[in-house]
Amino acid sequence: MVLGSVLNPVNSSIISVSLVAIGVALGAPPSQTVWLVSALYVATAIGQPMMGRLIELYGPRPLFLTGAALTGLAGLVGALAPSLWVLVLARVILGFGTCAGYPASMYLLRSESDRTGRSSPAGVLSVLAIANQTVIVIGPALGGLLIHLGGWRSTFAINIPLALGCLIVGMIWLPKSAAPRRETRSGPAGLAGLDLPGMVLFAATLISLLLFLMNPHTGHWYLPVIAVVLAAALTVRELRTAQPFLDIRTLAGSRPLLASYARGLLIAMVANCFLYGFPQWLEEDRGLDPTTAGLVMLPMSATAIAVSAIAGRRAEIRGKLLAGSAAQLAACALLLAIRPSAPLWLLPAAACAIGIPYGLNNLAIQNAVYHQADPQRIGSSAGLLRTFSYLGAIGSTVGTSAFLTPGSGTTGLHHLAWFMLAASALFLLITLADRTLRHTGTGTGTDTA
């Protein structure tokens with residue numbers, strides 16, 4: 001489960017150190033190489049809930065193995081790609097292939113929980129959260145090592161042995177007995193259970209929205225309009241369908257689950273604003289070289305991993321979110337105290353400070369979705385959490401590009417900090433308003449809403 005679930009985040013981060021080398025080798029400007037990042041974002045945001053729904057219908061084993069095969073194919077295509085746009089195609093395939101691991105893991109955990117009667121596998125959920133945080137640290141470093149050893153094509157080729165590893169462990173250890181719940185409101189789930197029109201409308205809605213968020217401009221005003229129209233058509237379609245891809249009625253009635261999705265979006269936005277904005281300030285205003293700036297950022301993920309490992313020993317969720325909310329506000333406020341002349345120790349201290357809420361909140365949100373989701377929809381619900389996280393990550397690029405403009409200096413960093421503070425305050429308000437968190441994950445009340 002861990003190996004499959006980390007394929008997506010490691011490929012999200014490993015590309016960051018490859019873009020310049022790819023552009024030089026293929027004669028592509030940054031305006032084109034950025035599509036290597038965007039292609040994975042779009043494919044993942046769309047593919048996570050789709051893969052989750054397929055897992056609910058056909059079980060985790062076949063989808064996990066199919067995803068691993070697609071990942072290996074993407075690695076091969078990328079390693080042999082003759083042009084940039086073939087590389088973009090490889091990243092799209094990679095996005096869909098790596099989508100299966102996390103929903104399959106959450107589905108299998110829920111199935112095993114039902115089988116064994118253990119309602120809160122907090123330890124395993126913590127391992128999943130820690131593994132995904134770890135690859136954020138090793139992704140860029142691994143990419144740099146691979147480029148040094150075998151060139152930029154090796155950052156794609158590495159997916160071939162990883163995919164083979166997933167195929168081997170999947171075939172050996174993934175239980176064939178984890179049968180999906182094939183009965184739905186209208187009988188056995190066959191091809192009709194796929195709800196292909198709903199999937200197409202969902203994909204088209206997200207593509208329109210993401211294209212606008214990745215390049216917000218008044219000239220692109222029609223994209224959000226198209227997204228709203230498609231979202232309305234999707235809602236009408238899903239409300240009238242017996243076996244919907246997105247169970248709109250259940251989602252609308254589950255405010256705790258929607259609150260968890262909103263928190264997932266906000267924590268991703270805050271974390272990515274810091275992850276990409278702070279190094280930019282370190283290099284442009286503080287005058288650090290990229291290697292030193294990277295070392296300054298390492299404590300963020302190291303702290304998040306340590307916090308998740310400690311907090312994961314307890315299943316209770318509300319306390320983690322409240323502590324994470326307070327720590328997030330304090331960390332963002334700390335950025336307001338940073339000046340170009342600030343002592344060197346304060347810079348990694350800021351990274352440590354943001355790592356505390358990142359570890360607490362990510363773990364708590366993942367565990368909350370595990371307990372709040374309809375057990376029969378745990379695959380697509382887990383996939384939707386990843387979709388909202390990617391929306392938050394893309395939203396962070398809007399804030400970063402708006403405030404950290406050329407020459408903005410420390411003033412731009414402080415404006416970005418205020419943006420992060422606003423998102424953190426909203427995170428806290430959503431958490432305080434959610435009274436169901438008192439019992440979620442504790443075993444003292446109903447988990448699903």
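Trp221 counts as exposed in this predicted model, because its relative accessibility is 57% and the cut-off for that class is over 50%. Its ring partner, Tyr222, has a relative accessibility of 37% and therefore counts as partly exposed. The structure holds eight aromatic pairs, and the rings of Trp221 and Tyr222 form one that is edge-to-face, with 6.1 Å from centre to centre and 85° between the planes.

A pair of aromatic rings is described by the distance of the centres and the angle of the planes. Read in this way, Phe202 and Phe245 also make an edge-to-face pair, because their centres lie 5.3 Å apart and their planes stand at 70°. Which parts of the chain does the pair of Phe202 and Phe245 tie together? Phe202 belongs to helix α12 (residues 196-214), while Phe245 sits in the loop between α13 (222-239) and α14 (248-253), so the two rings link parts that are 43 residues apart in sequence. Phe202 is buried, with a relative accessible area of 7%, and Phe245 is buried as well, with a value of 0%.

Ring pairs also link Phe274, Phe278 and Trp281 into a cluster. Phe274 and Phe278 appear again in the largest nonpolar core, which has 89 residues, and they stand, together with Ile338 and Met420, among those with the most contacts inside it. If neighbours within four places in sequence are left aside, the contacts of Phe278 include Cys273, Val296, Leu335, Ile338 and Leu413. Apart from this core lies another one, of 12 residues, among them Ile22, Ala81, Leu87 and Trp152.

At the surface, Val34, Trp35, Trp85, Ile207 and Leu211 make a nonpolar patch of about 440 Å². One of these residues, Trp85, is placed in helix α7 (residues 84-97), and Trp85 counts as partly exposed because its relative accessibility is 48%.

The charged side chains add a further set of links, for the structure holds four salt bridges. The table gives some of them.

| Salt bridge | N to O distance |
|---|---|
| Arg53 and Glu56 | 3.0 Å |
| Arg237 and Glu238 | 3.9 Å |
| Arg263 and Asp434 | 3.4 Å |

How far apart in helix α5 are Arg53 and Glu56? They are three residues apart in this helix (residues 35-58), which means that about one helical turn separates them, and both Arg53 and Glu56 are buried.

The salt bridge between Asp434 and Arg263 joins parts of the chain that are 171 residues apart in sequence, because Asp434 lies in the segment after α20 (409-433) whereas Arg263 lies in helix α15 (residues 255-284). Are these two residues, Asp434 and Arg263, buried or exposed? Asp434 is buried, and Arg263 is buried too. Elsewhere, salt bridges that share partners join Asp195, Arg237 and Glu238 into one network. Within that network, Arg237 is partly exposed, with a relative accessible area of 29%, whereas Glu238 is buried, with a value of 2%.

Key. Residues numbered from 1 in each chain as written. Predicted model: local features only at pLDDT ≥ 70, side-chain atom pairs only at ≥ 80, totals over all residues. Heavy atoms only, no water. Patch = residues over 30% accessible without salt bridge, like charges linked within 9 Å, V, L, I, M, F, W, Y side chains within 5 Å. Areas by Shrake-Rupley, 256 points an atom, 1.4 Å probe, with all protein chains shown as cover. Helix = DSSP H or I, 4+ residues; strand = E, 2+ residues; numbered from the N terminus. Buried < 20%, exposed > 50% of the residue type's maximum accessible area, 1.4 Å probe, protein only. Core = buried A, V, L, I, M, F, W, Y, C linked by side-chain atoms within 4.5 Å. Contact = heavy atoms within 4.5 Å. Phe/Tyr/Trp six-rings, centres within 6.5 Å; stacked < 30°, edge-to-face > 60°.
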